[in-house]
Amino acid sequence: MRCLICRKWSFRIICKTCQEEFLILKPKIRLVGDIKVYSFYSYEDIAFLLNTKYYAIGSRVFNILAKKASVYFSQNLSDSFSEVYGVGIDDNPKKGYSHTGILLKNFSSRIKPIYGELNARNKIQYAGKSLAFRQNNPKNFSFKVKNRNLVIFDDIITTGTSILEAKNIIEKNNNRVLFALVLSDASS
Ligand SMILES: [Zn+2]
């Protein structure tokens with residue numbers, strides 16, 4: 001196959017050289033409401049890679065992005081957590097995989113994954129939509145987990161509407177949200 005970035009022939013969907021030279025970690029922390037949201041890549045750098053989530057090829061791309069982020073997280077950010085669980089926004093498979101499920105799996109050595117929770121009952125797409133539109137069209141997540149310390153995972157944060165809505169329903173079930181992890185912050 002050809003590397004998605006440099007188009008040279010490679011056994012990997014993103015060749016080793018591009019993984020090292022192009023996928024540069026630019027970690028940031030943003031406060032959304034009172035939740036810390038950790039992000040790992042600049043949106044400008046990886047926007048076209050994040051768009052692969054609409055296609056089968058995205059599972060391999062997300063594995064590469066998530067793996068690199070999780071190594072950084074383990075080395076730099078992860079305090080000694082115990083009994084911390086992760087949930088992914090819209091963690092239900094499309095095209096044979098779930099992109100937030102791939103994030104959960106890659107962080108599973110530190111944060112225990114709870115797969116298939118936080119599914120939007122309102123299947124609306126927020127990409128390209130205004131803050132007002134997002135606030136007027138909540139995703140109406142279903143969520144059944146109770147009494148846990150939780151981390152929310154998503155691929156991208158834009159306005160923060162989805163994460164705040166997720167936090168509300170998670171806390172209604174007597175859980176505590178510790179922070180959120182996203183691959184990229186698109187707000188800046
Ligand atoms: Zn390449």
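In this predicted model, six strands make up an open sheet whose order is E1-E2-E8-E7-E3-E4 and whose pairing is mixed. The edge positions belong to E1 and to strand E4 (112–113), each of which pairs on one side only. Beside the sheet, the briefing covers a zinc site with four cysteine donors, helix H6 (residues 161–172), and a set of salt bridges that numbers 9 over the whole structure.

**Sheet and strand pairing**

- Strand E1 (residues 28–32) runs antiparallel to E2, and the two are joined by 5 bridges; within this pairing, Leu-31 stands opposite Lys-36 in E2.
- The two strands E1 and E2 form a hairpin in which 2 residues lie between them, and Gly-33 in the turn has a positive phi of about 60°.
- E2 also pairs with E8, here in the parallel sense and over 5 bridges, and Tyr-41 has Ser-184 in E8 as its bridge partner.
- As general background, the strands of a sheet pair through backbone hydrogen bonds, in either a parallel or an antiparallel manner.

**Zinc site**

- The zinc ion is coordinated through the SG atoms of Cys-3, Cys-6, Cys-15 and Cys-18, at 2.3 Å, and along the chain these donors follow the spacing C-x2-C-x8-C-x2-C.
- The arrangement of the 4 donor atoms is tetrahedral because the angles that they subtend around the zinc ion are 103 to 115°.
- Two of the coordinating cysteines can be described by their accessibility: Cys-3 counts as buried because its relative accessibility is 0%, whereas Cys-6, at 30%, counts as partly exposed.
- Arg-7, which lies in the segment before H1, has a positive phi of about 70° although it is not a glycine, and its relative accessibility of 46% makes it count as partly exposed.

**Helix H6 and the residue that follows**

- Helix H6 comprises the 12 residues 161–172, which at 1.5 Å a residue should span 16 Å; the C-alpha atoms at its ends are 17 Å apart, which agrees with that expectation.
- The buried residues of H6 are Thr-161, Ser-162, Ile-163, Glu-165, Ala-166, Lys-167 and Ile-170.
- The cover over these buried residues includes strands E2 (35–42), E3 (84–88), E6 (141–142), E7 (149–157) and E8 (176–185), together with helix H5 (131–136).
- H6 is followed by Asn-174, which lies in the loop between H6 and E8.
- Phi of Asn-174 is positive, near 65°, in a residue other than glycine, and Asn-174 is exposed, with a relative accessible area of 56%.

**Salt bridges**

- A search of the whole structure finds 9 salt bridges; in general terms, side chains of opposite charge can pair when their charged atoms come close.
- One of the salt bridges brings together the side chains of Lys-16 and Glu-20, at 3.5 Å from N to O. Because Lys-16 and Glu-20 are 4 residues apart in helix H1 (residues 16–21), they are separated by about one helical turn. Lys-16 counts as partly exposed, at 48% relative accessibility.
- Another salt bridge joins Lys-26 to Asp-45, with the closest N and O atoms 2.9 Å apart. Lys-26 lies in the loop between H1 and E1 and Asp-45 in helix H2 (residues 43–50), so the pair ties together parts that are 19 residues apart in sequence. Lys-26, at 40% relative accessibility, counts as partly exposed, whereas Asp-45, at 18%, counts as buried.
- Asp-155 forms a salt bridge with Lys-53, and the closest N and O atoms of this pair are 2.8 Å apart. The pair links distant parts of the chain, since Asp-155 is in strand E7 and Lys-53 is in the loop between H2 and helix H3 (58–77), 102 residues apart. Asp-155 counts as buried, its relative accessibility being 2%.
- Lys-28, Arg-30 and Asp-185 are joined into one network by salt bridges that share partners.

Methods. Residues are numbered from 1 along each chain as its sequence is written. This is a predicted model: local features need pLDDT of at least 70, side-chain atom pairs count only at pLDDT 80 or more; totals for chains, interfaces and linings use all residues. Side-chain values use heavy atoms; hydrogens and water are left out. Donors are N, O and S atoms within 2.8 Å of the metal (3.2 Å for Na, K and Ca); water is not among the atoms, so sites may look incomplete. Four donors count as tetrahedral if all angles lie between 85 and 135 degrees; four count as square planar and six as octahedral if opposite donors are over 155 degrees apart and all others between 65 and 115; anything else is irregular. Buried means under 20% relative accessible area, exposed over 50%, partly exposed in between (1.4 Å probe, protein chains only). The expected span of a helix is 1.5 Å times one less than its number of residues. Contact means heavy atoms within 4.5 Å. Two strands pair if DSSP finds at least two bridges between them. A salt bridge is a side-chain nitrogen of Lys or Arg within 4 Å of a carboxyl oxygen of Asp or Glu.
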